[in-house]
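Here is a short tour of the structure you have open, written with the bench in mind. Take a look at the model, then follow the notes below.

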Amino acid sequence: MTSVPVLYSFRRCPYAMRARMAIVYSGVEVELREIVLKNKPQEMLNASPKGTVPVLILPTDTVIDESLDVMKWALSKNDPDDWVMQASPEYSSSLNTLIQKNDHEFKGYLDRYKYADRYPEHPIEYYRAQGEVFLSELESRLQSGLYLFGDELTLADVAIMPFIRQFAHVDIDWFRQTPYKKLQSWLDGFLQSTLFNRVMKKSPSWVAGDKPFSLI
């Protein structure tokens with residue numbers, strides 16, 4: 001049993017990325033254990049046999065191994081800017097629906113677009129076009145505010161951004177010439193932000209016995 005929560009993570013994984021942003025934003029002290037995906041520590045696999053990141057182990061030995069649940073756990077501890085939109089309950093259903101569309105429908109097309117050679121049933125352009133449906137929806141939302149639910153950052157923005165970043169970087173030249181100008185600015189704002197660059201700062205890979213390394 002640890003005195004503070006332990007987070008197994010890989011900074012370039014979009015799921016881990018969004019969990020880390022929520023934790024850093026919340027200011028909750030968490031011990032970071034950065035891993036190499038090709039050499040997952042047994043301690044992580046013992047806690048979560050499915051072997052994906054992030055994995056958060058609480059001092060009670062409770063394991064949270066879904067990234068959105070990690071985000072919500074952190075925000076339940078401290079959410080000074082109301083990312084979960086408690087003050088605007090009329091948007092809470094739409095917020096969660098948009099995140100679910102990202103995590104399930106869009107993520108499927110993203111995987112096929114990024115690894116199109118593994119899915120020869122269709123050309124890469126087909127998978128990109130399927131993903132563009134979601135890009136268009138986000139672009140429409142951004143016409144009326146700086147973020148997906150107005151002018152304030154929310155859980156939806158942070159939960160979705162890492163996947164849009166990944167989609168854009170499959171072919172960044174193509175992305176830059178698309179008509180999704182609001183989406184491009186939204187993404188650029190994240191990539192230049194202190195929060196994003198803080199969680200993307202490279203840290204040494206963890207091995208058992210290492211001195212604890214705080215995420216915040």
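In this predicted model, Glu-34 and Arg-20 join their side chains in a salt bridge, with 2.6 Å from N to O. The two partners come from distant parts of the chain: Glu-34 belongs to strand β2 (residues 31–34) and Arg-20 to helix α1, 14 residues apart. Both Glu-34 and Arg-20 are buried.

**Next to that pair: Arg-11**

- Arg-11 sits in the loop between β1 (6–9) and α1 (14–26).
- Which side chain of opposite charge is nearest to the buried Arg-11? That is Glu-34, 4.6 Å away, and Arg-11 has no salt bridge. A salt bridge needs a side-chain nitrogen of Lys or Arg within 4 Å of a carboxyl oxygen of Asp or Glu, so the 4.6 Å to Glu-34 does not qualify.
- The Arg-11 side chain does reach a backbone atom, the oxygen of Met-200, at 3.1 Å.
- Beyond its neighbours within four places in sequence, Arg-11 contacts both members of the pair above, Arg-20 and Glu-34. Its other contacts of this kind are Met-17, Val-199, Met-200, Lys-201 and Lys-202.

**Other salt bridges**

- The count of salt bridges comes to nine.
- Lys-50 and Glu-66 form one of them through their side chains, at 2.6 Å from N to O. This pair also ties together distant parts of the chain, 16 residues apart: Lys-50 is in the loop between α2 (42–47) and β3, and Glu-66 is in the loop between β4 and α3.
- Lys-50 counts as partly exposed because its relative accessibility is 40%. Glu-66 is likewise partly exposed, with a relative accessible area of 42%.
- Asp-65 joins Lys-50 and Glu-66 in a network of salt bridges.
- Asp-188 and Arg-176 meet through their side chains in a further salt bridge, 2.7 Å from N to O. Here the link runs from helix α8 (Asp-188) to helix α7, residues 172–176 (Arg-176), with the partners 12 residues apart.
- Asp-188 has a relative accessibility of 21% and so counts as partly exposed. Arg-176, at 33%, is partly exposed too.

**Gln-184 in helix α8**

- Is Gln-184 buried or exposed? Its relative accessibility is 8%, so Gln-184 counts as buried.
- Gln-184 lies in helix α8, which covers residues 181–191.
- Leaving out residues up to four places away in sequence, Gln-184 touches Phe-175, Arg-176 and Thr-178.

**The buried side of helix α3**

- Helix α3 (residues 67–77) has these buried residues: Ser-67, Leu-68, Val-70, Met-71, Trp-73, Ala-74 and Leu-75.
- Those buried residues pack against three helices, α1, α4 (92–114) and α6 (155–168), and against strands β3 (55–57) and β4 (63–64).

**The chain as a whole**

- The chain holds nine helices and four strands, and from the N terminus its elements run β-α-β-α-β-β-α-α-α-α-α-α-α.
- With a radius of gyration of 18 Å, close to the 17 Å that the globule rule gives for 216 residues, the chain is as compact as a globular protein of that length.
- Its C-alpha trace spans about 50 × 45 × 30 Å along the principal axes.
- Buried residues make up 48% of the 216 in the chain.
- Among contacts with a separation of 6 or more, 71% are between residues 24 or more positions apart.
- The accessible surface comes to about 10,900 Å², and carbon and sulfur atoms account for 49% of that surface.

Notes
Residues numbered from 1 in each chain as written. Predicted model: local features only at pLDDT ≥ 70, side-chain atom pairs only at ≥ 80, totals over all residues. Heavy atoms only, no water. Helix = DSSP H or I, 4+ residues; strand = E, 2+ residues; numbered from the N terminus. Buried < 20%, exposed > 50% of the residue type's maximum accessible area, 1.4 Å probe, protein only. Lys, Arg positive; Asp, Glu negative; His and termini not counted. Polar contact = N/O pair within 3.5 Å; in protein donor to acceptor, adjacent residues only side chain to side chain. Contact = heavy atoms within 4.5 Å. Rg over C-alpha atoms; globule rule 2.2 N^0.38 Å. Areas by Shrake-Rupley, 256 points an atom, 1.4 Å probe, with all protein chains shown as cover.
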